[in-house]
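I set out to read this structure entry by entry, and I record here what I looked up.

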Amino acid sequence: MSDSTLHTRRHFLRTSILGGAVAWTLPGFIDRTFAALNAGAEGSLVQTATGRDGPILVILQLSGGNDGLNTVIPYADDAYHRARPRIGVPAKSVLRLSDQVGLNPRMPKLAALYGEGKATVLQGIGYPNPNRSHFRSMEIWQTASDSNRVERHGWLGRYFDNCCRGEDPAVGVSLGEQMPEAFSASQPMGIALKNPGRFRFAEGSEVMEDAAADSTDAGGSVGALAGNTTSDLDAFHYIERVALDAQVSSDRIADIVRRHPITGNYPRTRLGQDFQLVSQLIAGGMPTRIYYVSFGGFDTHANQTGTHDQLLGQLDDALAAFAADMRAQGNFDRVLLLTFSEFGRRVAENGSGGTDHGTAAPMFLLGGGIRPGLGGVAPSLADLDAGDLKYTVDFRSVYATLLERWLHVPSAGVLGRKFPVLGFV
Amino acid sequence: MLAPLAPDEWSLDHAAHLLGRAGFGGTPEQIRAFHALGLDAAVNQLLAARDNRPPAPDWTKEPGALKRQTMMEMRPAADPDAKKAAIRDAMREERERLVELRTWWLRRMRSGGQPLREKMTLFWHGHFATSVTKVKSAWAMWRQNETLRENALGNFGAMVRAMARDPAMIRWLDLQQSKVGAPNENFAREVMELFTLGVGHYTEADVKAGARAFTGHRVTPLGQEFVFARRAHDYGPKTFLGKTGNFDGDAVIDIILEQPQCARFIAGRIWEFFAYENPEPGQLDAAAYSLFRGGYELAPFLGELFRSRAFYSPRAMGTHIKSPVEWLVGMCIDLETSLPGQPLLDGVLGQLGQSLFQPPNVRGWEGGRAWISSSTLILRYNFAGFLVGSADPAARKLFARRFAAPVDVEKLAPPPLRAQPDAFAEALAFRLYGSERSRPRTAAAIAEAGRPINDPRARSIFQRLMSTPEYQLS
């Protein structure tokens with residue numbers, strides 16, 4: 001735990017709980033909760049420091065099942081064009097990454113970053129016995145479970161439980177109003193943050209005129225997909241703990257947002273705005289190791305092309321803006337961004353100009369510290385399982401690599417067992 | 001059959017619990033009257049209540065469905081600027097209608113004329129979760145809402161058949177494009193995974209066969225009416241859940257309903273919504289058996305649940321995290337005030353993660369702890385303070401003009417009552433928590449507020465008691 005984090009907690013202890021300011025707003029707090037937190041904080045002095053120098057992992061969830069084959073396109077394979085006569089991307093317009101695969105033409109900025117060695121693709125990522133339900137498959141990805149086993153907590157929640165006990169609750173920040181199931185932990189950790197200007201407990205009755213309606217993701221029957229929230233605490237103590245975590249973080253976030261002006265040039269999409277806030281928090285030196293961003297609308301069962309192109313275009317714009325901003329801040333080398341989706345889609349298009357639920361898919365990686373070049377192994381289009389791709393790399397190997405090589409913690413305790421570590425960082 | 005609560009055990013706490021779960025809560029007077037009926041009559045009253053107020057917005061009378069699509073698809077693009085302007089107008093109108101529709105439904109919940117029917121409609125909206133973001137028609141969403149309301153306490157089989165013909169659902173899960181030779185699997189998968197059986201109780205082959213059976217379920221070109229498109233239907237033989245025949249959509253639904261797993265899944269969903277999470281297997285077996293034996297009739301099933309001992313057990317009482325809609329409507333009932341104005345209502349529920357007619361995905365709202373994050377909890381606590389309001393006349397005026405009627409603390413906490421701390425604590429605990437359980441906290445809040453308890457102090461006590469973990473629970 002860094003000095004600044006400890007300072008925050010002591011500051012909190014002094015001014016809020018003992019001073020009674022919070023006791024008025026948050027009458028639920030009892031010594032026990034705080035004592036437990038404080039004991040955790042004392043015990044975590046041995047933790048490695050975060051704050052201004054630690055590695056940061058940004059997870060971008062693409063909800064709905066992104067069509068991997070129209071994102072990273074095996075343009076040289078005739079089987080691809082045969083399977084997708086209506087929605088296939090013609091080879092000549094593909095942005096080539098190799099003599100086999102290339103990016104969707106809506107992603108020129110990512111293609112350029114690939115050329116510089118600052119972005120790459122992991123191909124063929126999936127898991128054995130794939131499940132084609134959005135919800136079950138998303139749960140498998142978020143909890144890093146085997147497909148025939150239900151894990152109670154999220155993989156990042158287990159990382160928090162194992163490696164971040166007693167640290168600042170903002171060690172994980174989810175952009176949005178809900179926590180992803182990946183953050184579910186035996187002790188809740190992490191905060192959900194949507195509008196930093198309103199992220200504080202008000203004194204008395206402040207007028208809430210700015211409580212404007214929010215337009216959630218459009219497109220497909222899966223807009224947002226956060227999953228379940230689990231905890232070992234009962235409902236009452238869970239709520240009490242969340243309120244305390246919010247209080248611990250809110251002064252600091254208000255301070256950061258006030259003192260660190262917006263940098264970069266982000267698109268005015270919701271995704272762009274989310275990345276802008278991530279950037280602001282990174283610039284402000286939040287002790288956050290994990291940022292979690294979600295982007296929905298990928299369930300393209302019908303009339304896919306226009307929708308999918310638009311989504312990929314928004315993704316390209318937002319990621320490029322974030323990469324440029326991180327470079328300008330001097331933080332690009334300590335930031336690693338990873339995208340995932342609950343599954344890819346079926347190889348063959350359906351009769352509605354769309355694609356149904358499938359299996360393995362590519363993931364994007366972005367950051368100053370990645371190893372250039374394509375990762376993973378592209379699945380064969382000639383050797384399918386009931387019309388679906390066979391995965392070549394287990395997604396938990398990707399997680400294991402992030403834990404071991406990026407966050408520098410043992411992965412087996414988080415993932416339940418050892419998975420081979422890959423070479424992308 | 002579930003073990004029933006003995007009639008002489010029926011307490012005021014139980015009455016508050018039943019009104020909170022089967023409806024949206026009640027004032028102390030309503031809870032007392034409800035309790036006086038006795039358990040059996042109270043449950044019967046919930047099941048029988050019918051009230052059509054307030055009526056739906058006027059524009060629902062004429063089917064103006066899918067106006068925007070219609071304009072885009074059907075008008076010749078003679079004048080691109082005029083077309084753009086027309087589309088913009090149509091989109092604005094759709095947005096306004098959506099907000100009106102949300103307000104209308106929330107008012108029905110608030111008015112309390114048929115609390116259980118509205119609560120069940122909310123349950124079914126989360127179950128057959130359909131979002132306006134893809135359907136793009138407030139009219140179609142209204143119509144689905146009325147279908148859910150009409151069948152809310154009826155027969156589950158009839159409900160599923162109605163949903164397979166519902167124009168909003170047909171758009172939402174891509175039945176419109178499904179046809180013989182090229183079936184779209186979206187509806188067939190979700191009807192089993194989310195609406196009837198649960199994941200793991202069918203095979204991928206059943207999904208494919210089911211998709212073929214539902215081909216031909218379409219809406220008319222303007223999107224208002226269901227139509228069975230014969231030429232799009234696959235009349236061939238299909239093997240579905242172990243049976244083989246030339247099944248159509250209704251036949252597939254009948255086969256699904258024959259599976260005891262369907263009754264188990266629905267009984268479990270209803271149990272978790274009204275009583276508590278992860279019911280004991282024995283309780284769930286008994287509930288599922290009742291539902292199956294009763295031919296999926298919902299009213300007797302709900303009656304059995306609301307009369308059961310399990311429904312009033314410690315696992316159930318005070319353990320449910322209120323959804324944003326339950327919290328907001330319940331708060332207005334507790335404070336005996338009207339709902340806030342449209343923009344605020346819409347904004348707050350959106351930020352708390354429960355925009356009606358716009359669930360996040362086809363599984364609906366996750367519920368439980370997922371409602372509570374640092375972000376949503378801060379908003380809930382702050383909003384409680386805002387709604388109770390301050391005594392400052394300027395703030396009151398602004399509040400009244402823009403948002404809602406001010407909370408009448410003179411009525412909720414009459415000065416003579418405030419002068420008796422014990423009686424005041426008891427009254428507040430009952431009003432806000434529906435129970436004596438939280439009296440110590442209430443007493444502490446009153447003591448800390450200082451004396452005399454003038455208007456600002458009374459308001460601060462209310463805010464404090466609603467900015468607590470307890471108040472998020474029912």
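**Entry 1. Strand β4 of chain B**

I began with B:G245 and listed its contacts beyond four places in sequence: they are B:G236, B:P237 and B:K238. I note at the outset that the model is a predicted one. B:G245 belongs to strand β4 of chain B, residues 243-245. Is B:G245 buried or exposed? Its relative accessibility is 17%, and because buried means under 20%, B:G245 counts as buried. I then looked up its separation from B:G268, which lies 23 residues further along or back in the chain. The C-alpha atoms of B:G245 and B:G268 are 31 Å apart.

**Entry 2. Chain A overall**

I turned to the make-up of chain A. It holds 12 helices and 12 strands. Of its 425 residues, 63% are buried. I also looked up the contacts of chain A with a separation of 6 or more, and 73% of them are between residues 24 or more positions apart.

**Entry 3. A serine in chain A**

I picked out A:S137, which is part of helix α6 of chain A, residues 134-143. With a relative accessibility of 0%, A:S137 counts as buried. Which residues does A:S137 touch, not counting those up to four places away in sequence? I found A:Y127, A:N131, A:E342 and A:F343.

**Entry 4. Nonpolar cores**

I looked next for the largest nonpolar core and found that it has 253 residues. The residues with the most contacts inside this core are A:W155, A:F275 and B:W124. I followed B:W124 and left aside its neighbours within four places in sequence. B:W124 is then in contact with B:L148, B:N151, B:A152, B:F156, B:M159, B:I266 and B:L298. Another core, of 12 residues, lies apart from the largest one, and A:Y80, A:V89, A:V347 and A:A360 are among its members. For context, nonpolar side chains in soluble globular proteins tend to be buried together.

**Entry 5. Helix α5 of chain B against α8**

Helix α5 of chain B covers residues 80-111, and I examined two of its packing partners. The first was helix α8 of chain B, residues 138-150, whose axis comes within 9 Å of that of α5(B). How do the two axes cross? The angle is roughly 20 degrees, and α5(B) and α8(B) are therefore roughly parallel to each other. Their crossing is right-handed. On the α5(B) side I listed B:E94, B:R97, B:L98, B:L101, B:W104, B:W105 and B:R108. These meet B:A138, B:M141, B:W142, B:N145, B:E146 and B:R149 in α8(B). I sorted the residues of this contact into seven nonpolar, one polar and five charged.

**Entry 6. Helix α5 of chain B against α17**

The second partner was helix α17 of chain B, residues 324-334. Here the axes are 9 Å apart and the packing angle is about 50 degrees. The helices α5(B) and α17(B) are therefore oblique to each other. This crossing is right-handed. B:L106, B:M109 and B:R110 of α5(B) meet B:V325, B:V329, B:C332 and B:I333 of α17(B). I counted six nonpolar residues, no polar ones and one charged residue in the contact.

**Entry 7. Helix α11 of chain B**

How many residues of helix α11 of chain B, residues 186-196, are buried? I found 11 of its 11 residues buried. Among them are the charged residues B:R189, B:E190 and B:E193. Just after α11(B), B:G198 has a positive phi of about 95 degrees.

**Entry 8. Backbone details in chain B**

I searched the loops of chain B for cis peptide bonds. The bond from B:R53 to B:P54 is cis, with omega near -15 degrees, and B:P54 sits in the loop between α3 and α4. B:R451 and B:P452 are also joined by a cis peptide bond, with omega about -5 degrees. B:P452 sits in the loop between α24 and α25.

I then looked for positive phi in residues other than glycine. B:K136 has a phi near 60 degrees and is placed in the loop between α7 and α8. At 29% relative accessibility, B:K136 counts as partly exposed. B:Y296 has a positive phi of about 65 degrees and is found in the loop between α15 and α16. At 5% relative accessibility, B:Y296 counts as buried.

Note on methods: Residues are numbered from 1 along each chain as its sequence is written. Chains are lettered from A and ligands numbered from 1 in the order in which they are written. This is a predicted model: local features need pLDDT of at least 70, side-chain atom pairs count only at pLDDT 80 or more; totals for chains, interfaces and linings use all residues. Side-chain values use heavy atoms; hydrogens and water are left out. Axes are lines fitted to C-alpha atoms, for helices over the stretch in contact, and angles run from 0 to 180 degrees between N-to-C directions. Helices (H or I, at least four residues) and strands (E, at least two) are DSSP runs, numbered from the N terminus. Angles under 35 degrees count as roughly parallel, over 145 as roughly antiparallel, 65 to 115 as roughly perpendicular and the rest as oblique. A crossing is left-handed if the near helix is turned anticlockwise from the far one by less than a right angle, and right-handed if clockwise. Contact means heavy atoms within 4.5 Å. A nonpolar core is a set of buried Ala, Val, Leu, Ile, Met, Phe, Trp, Tyr and Cys residues joined through side-chain atoms within 4.5 Å. Buried means under 20% relative accessible area, exposed over 50%, partly exposed in between (1.4 Å probe, protein chains only).
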